[in-house]
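The following exercises are to be worked with the sequence and the coordinates at hand. Each task is followed by a solution in steps.

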Amino acid sequence: MCGIIGYVGSSPAAPILIEGLRRLEYRGYDSAGVALLDAGQLNVLKRKGKIDQGLGPLLDREPAPGSCGIGHTRWATHGPPSDVNSHPHRDQSQSIAVVHNGVIENYDRLKERLLAGGHTFDSATDTEVLAHLIGEKWSEAQAGGGAVTNTESLARAVGLALREVIGTYGLAVVCRDLPGVIVGARRGSPLLVGVGEGANYLASDAAAVVAHTRQVVYLNDYDVVTVTADGFSVTNLGTETAQVQITRLEFDAEAAERGSYPHFMLKEIFEQPATIRNALRGRIDSEEATAKFGGLNMTTAELRAVDRIVITACGTSWHAGLVGEYLLEEFAHVPVEVEYASEFRYRNAPLDKHTLLVVITQSGETADTLAGLREARRRGHKALAICNVVGSTIAREADGGIYLHAGPEIGVASTKAFTSQVTVLTLFALLMGRIRMLSATRGSQLLRALEAVPDQLQRILDQNERIRQIALKYAAAEDFFFIGRQYQFPVALEGALKLKEISYIHAEGYPAAEMKHGPIAMIDERTPTVVLAPADALYDKTHSNLQEIKARHGPTVAITTEGNTRLAAEVDDILYVPATSDPLCPLLTVLPLQLLAYHIAVARGCDVDKPRNLAKSVTVE
């Protein structure tokens with residue numbers, strides 16, 4: 001969940017590390033720090049708070065020279081946010097510095113042993129224990145006559161320490177005695193090598209290095225890498241050999257910049273016409289009225305043999321999975337269950353022989369989703385991934401999958417990834433339907449409607465100022481309800497989540513008919529309800545539920561289909577979306593909810609791109 005950047009080359013390292021950390025700010029963090037090597041000195045500077053308020057001013061006051069170093073943005077797990085708990089952490093001898101993402105589960109037992117051996121600790125973190133353990137192995141190597149100038153010696157010390165560790169880690173290590181060497185290792189937390197010319201990089205996220213190189217190597221679990229200015233070498237703790245493949249990043253540095261937008265979230269909302277076109281590109285077979293994918297790695301016969309699908313995901317991706325459930329059951333008549341990945345990984349869920357697992361993840365690194373994937377594959381089931389990040393762990397470990405091609409999503413609150421996921425799920429449901437019972441006529445209708453969605457989204461974006469004005473009207477509310485039926489129920493959940501994430505307003509999403517089974521008790525003149533009421537098959541039912549709220553004096557905002565002017569007289573505010581097929585309506589109705597949440601958060605003075613307590617990629621349990 002935190003961010004790691006390392007650099008070794010001939011240029012001053014500090015500016016490169018700070019730039020990399022800034023590009024990782026979107027992941028969420030509460031403190032930042034760097035460790036720099038120069039002339040036999042190891043300088044560690046770290047501060048609680050954002051870079052601009054803490055680490056940046058500290059570096060201005062205390063410049064740290066050196067052309068090799070590591071940096072970190074921390075999201076607190078063990079120990080509260082503080083200067084002393086910030087990374088990097090040093091070992092007992094003060095000669096080694098470590099930055100670490102993940103959780104060392106047996107740190108307390110390791111700490112007890114180290115304390116008994118005379119070690120002293122400054123922080124409450126598990127990472128400091130890891131630093132001391134690595135330092136102990138390094139000291140033992142020195143005492144045994146190891147060559148301290150050997151670039152492989154630090155990697156051996158790291159490997160020996162990690163053999164005693166239980167838990168997850170993505171880490172970077174530097175040593176005062178090896179000024180041009182960084183050692184990295186990963187298990188369960190992403191880490192990559194950025195391959196440059198006369199310089200190399202280590203990072204937890206490609207966004208940190210894309211301004212310097214688009215050539216990266218994604219490390220596998222148990223890989224240990226030694227990085228110097230001239231190159232890198234990789235070994236694996238399990239096999240002692242490692243497979244290395246250089247991947248070219250799909251995006252450039254400009255794609256990870258805000259451009260003229262005040263926030264990444266707004267930029268990504270406005271990118272959705274383009275990102276949905278990208279998700280559709282090359283995947284429409286008009287002649288056969290179906291979809292086509294290059295990476296499923298399943299034959300038509302294997303897909304037809306699937307008699308049950310389990311979708312597992314977290315957060316916004318879970319909501320996309322709920323839309324996928326409706327799509328697959330309607331188009332293909334396949335039973336579908338949608339599981340929270342955090343629950344699925346620990347349940348002994350019965351999975352029949354012909355059950356297919358579909359995992360949905362923006363980052364491809366979500367710890368719970370990855371664990372669910374591994375559990376299903378261990379039991380012999382096929383697992384497909386719907387993912388946005390090429391080269392991510394889930395993308396590499398799944399049997400097959402579908403990339404979103406949405407480009408980097410920097411805003412913590414997911415927007416374009418959700419609509420891309422729903423688009424891909426629609427195509428997959430269409431494919432499954434066409435090999436079973438869906439007619440060519442119906443398939444062609446859906447494809448034509450899908451191809452119209454990007455332009456329809458642009459028409460909604462053109463209402464941005466109108467949505468902002470409505471947002472200002474309700475920005476002081478402390479509770480919100482979002483309601484919808486069938487395909488609109490997952491959209492209601494997603495709208496409530498967006499508002500909670502970035503504005504800190506308590507919000508709940510419900511199936512519209514469920515309001516009268518309890519939640520309607522909360523309705524009063526201070527509690528707005530957003531009613532998703534497109535002109536679909538259940539419009540009349542949703543309209544009746546709206547009336548129940550109005551009868552209790554609840555303010556209402558309706559999202560409905562263009563042309564439904566009668567509803568305007570019955571609600572306090574109304575927004576229109578273009579007409580489309582019922583199954584595709586979530587792609588349109590979610591957009592006003594994203595903009596509504598965004599403008600409410602801005603009006604309340606919230607940090608939209610970096611909401612409190614949240615991280616973009618959740619790589620710990």
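**Exercise 1.** Determine which element gives the largest share of the lining of the second largest cavity in this predicted model.

*Solution.* Step 1. The structure contains 2 cavities of 30 Å³ or more, and the second largest has a volume of about 40 Å³.

Step 2. Its lining consists of Leu 296, Val 358, Leu 384, Ala 385, Ile 386, Gly 401, Ile 402 and Phe 428.

Step 3. Two elements give two or more residues to this lining: strand S20 (383–387) and strand S21 (400–403). The largest share, 3 residues, comes from S20.

Step 4. Sorted by class, the lining of the second largest cavity comprises 7 nonpolar residues, 1 polar residue and no charged ones.

**Exercise 2.** Establish whether Thr 355 is buried or exposed, and list the residues it touches beyond four places in sequence.

*Solution.* Step 1. Thr 355 belongs to strand S19, which covers residues 355–361.

Step 2. The relative accessibility of Thr 355 is 6%. The cut-off for a buried residue is under 20%, and Thr 355 therefore counts as buried.

Step 3. Leaving out residues up to four places away in sequence, Thr 355 touches Asp 307, Arg 308, Val 310, His 381 and Lys 382.

**Exercise 3.** Carry out the analogous analysis for Val 389: where is it found, and what is its relative accessible area?

*Solution.* Step 1. Val 389 sits in the loop between S20 and helix H12 (393–397).

Step 2. Its relative accessible area is 27%. Values from 20% to 50% are classed as partly exposed, so Val 389 is partly exposed.

Step 3. With residues up to four places away in sequence not counted, Val 389 touches Gln 362, Ser 363, Ala 395 and Tyr 403.

Step 4. Between the C-alpha atoms of Val 389 and Asn 297 the separation is 18 Å, and these residues are 92 apart along the chain.

**Exercise 4.** Describe the open sheet formed by 6 strands: in what order do they run, and is the pairing parallel or antiparallel?

*Solution.* Step 1. The order is S5-S6-S7-S8-S12-S13, with antiparallel pairing.

Step 2. Strand S5 (89–90) and strand S13 (232–236) are the edge strands, each pairing on one side only.

Step 3. Strand S12 (residues 223–227) and S13 run antiparallel and are joined by 5 bridges. Thr 226 has Ser 233 in S13 as its bridge partner.

Step 4. Helix H4 (residues 126–143) lies across S5, strand S6 (96–101), strand S7 (169–175) and strand S8 (178–187). The helix runs at about 135° to S6.

How values were computed
Residues are numbered from 1 along each chain as its sequence is written. This is a predicted model: local features need pLDDT of at least 70, side-chain atom pairs count only at pLDDT 80 or more; totals for chains, interfaces and linings use all residues. Side-chain values use heavy atoms; hydrogens and water are left out. On a 1 Å grid over the protein atoms alone, a cavity is a set of points where a 1.4 Å probe fits but cannot get out, and a pocket is an open set with protein on both sides within 12 Å along at least five of seven lines; lining residues have an atom within 4 Å of a point. Grid points are joined across faces, edges and corners, and a volume is the space filled by probe spheres set on the points. Helices (H or I, at least four residues) and strands (E, at least two) are DSSP runs, numbered from the N terminus. Ala, Val, Leu, Ile, Met, Phe, Trp, Tyr, Cys and Pro count as nonpolar, Asp, Glu, Lys and Arg as charged, and the others, Gly among them, as polar. Two strands pair if DSSP finds at least two bridges between them. Contact means heavy atoms within 4.5 Å. Axes are lines fitted to C-alpha atoms, for helices over the stretch in contact, and angles run from 0 to 180 degrees between N-to-C directions. Buried means under 20% relative accessible area, exposed over 50%, partly exposed in between (1.4 Å probe, protein chains only).
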